[in-house]
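The following exercises are to be worked with the sequence and the coordinates side by side. Each task is followed by a solution in steps.

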Amino acid sequence: MGLQQASSWFRRQAAPITIGIIASQIVIALFWWFTALKGIDSIVLGPGWQQKPWTLLTYPWTTMPFASGLSIVCFVFLCMWVFWTGGTIERDLGPAKYVGLWAAMILLPALFISLLGPAVGSLYGAAGLWLPEAGITIVWCTRNPTAQIMMYGIIPLSGKWLGWVTVVTTILLAGFGSPL
């Protein structure tokens with residue numbers, strides 16, 4: 001009975017790609033937990049990616065949320081954010097265009113990191129879903145500039161300003177080698 005209700009709820013969301021991304025993140029995270037991260041280095045994007053070109057597309061599935069209690073909470077909130085922003089965009093674009101958008105949001109940052117990383121002379125890499133989701137968030141913000149959200153449940157923020165906060169945070173955390 002409960003499984004039928006859950007299945008019905010997921011179908012009503014009209015976001016099968018988004019739900020599939022979240023489900024795959026959970027399944028792969030459990031896999032990494034049960035295998036003690038054995039083999040995770042084969043799908044993380046980093047120096048030497050030319051020998052492993054698939055890492056340009058696989059790095060989002062290197063999330064390890066079971067490292068600490070805080071990382072579990074962060075993973076849950078990330079999945080909720082993916083569901084909210086991704087589901088909204090998927091319902092607007094349709095699943096076929098949305099798959100292309102996700103592929104672009106995975107591939108474009110990977111190309112920037114792998115091609116520009118050596119140019120700045122620092123170590124570089126990408127792992128986890130946060131970078132592609134930052135791109136999806138920016139797309140959501142450009143489509144909903146006047147929508148109001150409550151950042152941290154306290155600070156009212158319009159979509160336009162959320163987009164700018166996302167851009168600045170992404171540049172600080174990924175673009176400059178994590179100076180924070």
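**Exercise 1. The chain as a whole**

What percentage of the 180 residues in the chain do buried residues make up? State also the secondary structure content and its order.

*Solution.* The model is a predicted one.
- Step 1: buried residues account for 36% of the 180 residues. The cut-off for this class is under 20% relative accessible area.
- Step 2: the chain contains seven helices and two strands.
- Step 3: in sequence order, these elements follow the pattern α-α-α-α-α-α-β-β-α.

**Exercise 2. The faces of helix 2**

Determine the span of helix 2 and describe how its buried residues are placed around the axis.

*Solution.*
- Step 1: helix 2 covers residues 16–34, a run of 19 residues. From first to last C-alpha the helix reaches 27 Å, close to the 27 Å expected at 1.5 Å a residue.
- Step 2: the buried residues of helix 2 are Thr18, Ile19, Ile21, Ile22, Gln25, Ala29 and Trp32.
- Step 3: viewed down the axis of helix 2, these buried residues fall within an arc of 160 degrees, so they line one face of the helix.
- Step 4: Val27 and Phe34 are exposed on the other side of helix 2.

**Exercise 3. Backbone after helix 2**

Which phi values do alanine 36 and leucine 37 take, and how accessible are these residues?

*Solution.*
- Step 1: alanine 36 comes just after helix 2 and belongs to the loop between helix 2 and helix 3 (55–58). Leucine 37 is found in the loop between helix 2 and helix 3 as well.
- Step 2: the phi of alanine 36 is positive, near 55 degrees, and that of leucine 37 is positive at about 65 degrees.
- Step 3: for comparison, most residues other than glycine have a negative phi. Neither alanine 36 nor leucine 37 is a glycine.
- Step 4: alanine 36 has 64% relative accessibility and therefore counts as exposed, the threshold being over 50%. Leucine 37, at 35%, counts as partly exposed.

**Exercise 4. Core and surface patch**

Identify the elements that build the largest nonpolar core, then locate the nonpolar surface patch that includes Ile72.

*Solution.*
- Step 1: the largest nonpolar core has 28 residues, and those with the most contacts inside it are Leu45, Tyr59, Ile89, Leu101 and Trp102.
- Step 2: two or more residues of this core come from each of helix 2, helix 4, helix 5 (95–120) and helix 6 (130–143).
- Step 3: helix 5 gives the largest share of this core, seven residues.
- Step 4: Leu70, Ile72, Val73, Val76, Phe77 and Met80 make a nonpolar surface patch of about 570 Å².
- Step 5: of these, isoleucine 72 lies in helix 4 (residues 69–93). Isoleucine 72 is partly exposed, with a relative accessible area of 36%.

**Exercise 5. The salt bridge**

How many salt bridges are counted, and which parts of the chain does arginine 143 tie together with aspartate 92?

*Solution.*
- Step 1: the count comes to one salt bridge, where the limit is a nitrogen to oxygen distance within 4 Å.
- Step 2: arginine 143 pairs with aspartate 92, and their closest N and O atoms are 3.6 Å apart.
- Step 3: arginine 143 is in helix 6 and aspartate 92 is in helix 4, so the pair ties together parts that are 51 residues apart in sequence.
- Step 4: arginine 143 is partly exposed at 40% relative accessibility, and aspartate 92 is partly exposed with a relative accessible area of 47%.

Terms used. Residues are numbered from 1 along each chain as its sequence is written. This is a predicted model: local features need pLDDT of at least 70, side-chain atom pairs count only at pLDDT 80 or more; totals for chains, interfaces and linings use all residues. Side-chain values use heavy atoms; hydrogens and water are left out. Helices (H or I, at least four residues) and strands (E, at least two) are DSSP runs, numbered from the N terminus. The expected span of a helix is 1.5 Å times one less than its number of residues. Buried means under 20% relative accessible area, exposed over 50%, partly exposed in between (1.4 Å probe, protein chains only). The arc is that of the directions from the helix axis to the C-beta atoms. Patches are made of residues with over 30% relative accessible area and no salt bridge: like charges are joined within 9 Å, nonpolar side chains (Val, Leu, Ile, Met, Phe, Trp, Tyr) within 5 Å. Accessible areas come from the Shrake-Rupley method with a 1.4 Å probe; for residues, only the protein chains shown count as cover. A salt bridge is a side-chain nitrogen of Lys or Arg within 4 Å of a carboxyl oxygen of Asp or Glu. A nonpolar core is a set of buried Ala, Val, Leu, Ile, Met, Phe, Trp, Tyr and Cys residues joined through side-chain atoms within 4.5 Å.
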